[in-house]
Amino acid sequence: MHEKMREKKVENYDVVVIGGGAAGMTAAIYAGRARLKTIMIEKSLPGGLATYTNEIENYPGFPEGNTGLGLMQLFERQAKKFNVKVKLAEVQGVELEGETKVVKTFRTDYHAKAVIIATGGKPRLTGAKGEEKFLYDKGISFCATCDAAYYTGKEVMVIGSGDAAIEEAIFLTKFASKVYISVIHDVGIMDANKVAQEQARQNEKLHFIWNTVVEEFAGSERLDTVILKNVKTGERIPVKVDGCFLFIGYLPNTDLFRGIINMNERGYIITNEQMETNIPGVFAAGDVRDKVLRQVATAVGDGAIAGFMAERYIAESEYFAREFREVKGPQLVFCYDPTDARCREMMTVVEAILQKHPEIKLSKIDVYKGKSMALRLGLTGDPCLVLIHGGRVTEVLALPGLTPELIEARIKQLAA
Ligand SMILES: Cc1cc2nc3c(=O)[nH]c(=O)nc-3n(C[C@H](O)[C@H](O)[C@H](O)COP(=O)(O)OP(=O)(O)OC[C@H]3O[C@@H](n4cnc5c(N)ncnc54)[C@H](O)[C@@H]3O)c2cc1C
């Protein structure tokens, strides 16, 4: 009985999307619309971080703005319209190498041809007393671009002195009447770049409170006071504010992928512009990626590319299996560059010789268009002639040095 209880269910999909924020939903919409069997696994609320913000004014297409939740509900409706299955569960493990990828939740192993990681991140917290009570739309915010307008004519505080803290504090002065900045360092010392520091010093709306950390967040329904503590003297400094912005770092949700997927030193996943990670068939999109701007609009762009590339990867895998791996007899593959005159000339030679050997299948890979198919065969992507038998590469002849005589001799051998 116990053994049976431990048995996990297995479900098969074309695409598994991990994370149901703006990036994951968009990736799922693209994959679902490409008629791929797609599941999106989300551990809490579909919609991700954007659902925590009251108003999103900078996402194009909504001139009157929208609530974060309202916007993300539209995303979810659209994903479901394209038959995306939404599963509420936490992904606890992954096996991503190889053709079949496995995404594990407590009860089920999801097998997939392609995986899209869209697990986003979370802002780092101070850990001070009362913090949890005022998070997001109760007075503690993490995004000046998103929430600054709400504090027009009001007084706010920024915690931190890095690039984000100082630059966002300067941005906030366009809206707020006064911006306090709590800095842990001695007077005049900031972690931000020199240009930002200089601009900050000249901004009369900024008021630095040096040598301080947050001791407590206080208020009834909303935050109304930040109690700072001087790290040198221990003095408690209550400051009345309408809101407080934390810029003490952001933590990507990437623990699951450590040691498997390449990340930068801060734990963000490194991708190329195609959203490809270091593992073929595994893509990453949205805030979880190493990139310059973390917003809904950029998460959507990433998600669209990841969904599109997953579809292309699966189509290519199927073509590869059909054209190469599953072919039993002798086969010749010509990796050619149509812009190279020598390649065009050799193509004619190969085709003429093969007319005498109809038992040999000829496939062509245009390496000018893309190298991925050649790479799947273990080649470099440079023009060459490849001999395959029983789905296995037996010889690679590089284009330089290739003569009609050599080709004829090899084709005879292959046919024998
Ligand atoms: C308070 C606030 C206000 C903001 N306001 C704006 C704004 O006005 N305009 C704007 O453009 N941007 C705004 N942003 C930024 C915007 O929310 C993000 O850029 C966007 O949500 C990124 O989307 P994402 O899909 O990459 O990640 P997320 O939205 O973070 O979604 C990731 C999802 O993955 C899930 N997940 C993580 N790990 C797992 C796991 N192991 N298993 C299953 N699921 C998992 C999480 O639960 C989460 O739902 C704001 C951010 C904050 C914090």
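**Exercise 1.** Which are the buried residues of helix 8?

*Solution.* The model is predicted, so that local features need pLDDT of at least 70 and side-chain atom pairs count only at pLDDT 80 or more, while totals for chains, interfaces and linings use all residues. Residues are numbered from 1 along each chain as its sequence is written.

Step 1: helices (H or I, at least four residues) and strands (E, at least two) are DSSP runs numbered from the N terminus, and helix 8 is the run 341–354.

Step 2: a residue is buried if 20 or more other C-beta atoms, placed from the backbone, lie within 10 Å of its own, exposed if 12 or fewer, and partly exposed in between; the buried residues of helix 8 are Cys343, Met346 and Val350.

Step 3: these residues cover an arc of only 65 degrees around the axis (taken from the directions from the helix axis to the C-beta atoms), which puts them on the same side of helix 8.

Step 4: on the other side of helix 8, the exposed residues are Ala341, Arg344, Glu345, Thr348, Glu351 and Ala352.

**Exercise 2.** Identify the edge strands of the open sheet with the order 12-13-14.

*Solution.* Step 1: two strands pair if DSSP finds at least two bridges between them, and this sheet of 3 strands has antiparallel pairing.

Step 2: strand 12 (212–219) and strand 14 (236–240) each pair on one side only, which makes them the edge strands.

Step 3: strand 13 (residues 223–230) is joined to strand 14 by 5 bridges, and leucine 228 has isoleucine 237 in strand 14 as its bridge partner.

Key:
The expected span of a helix is 1.5 Å times one less than its number of residues.
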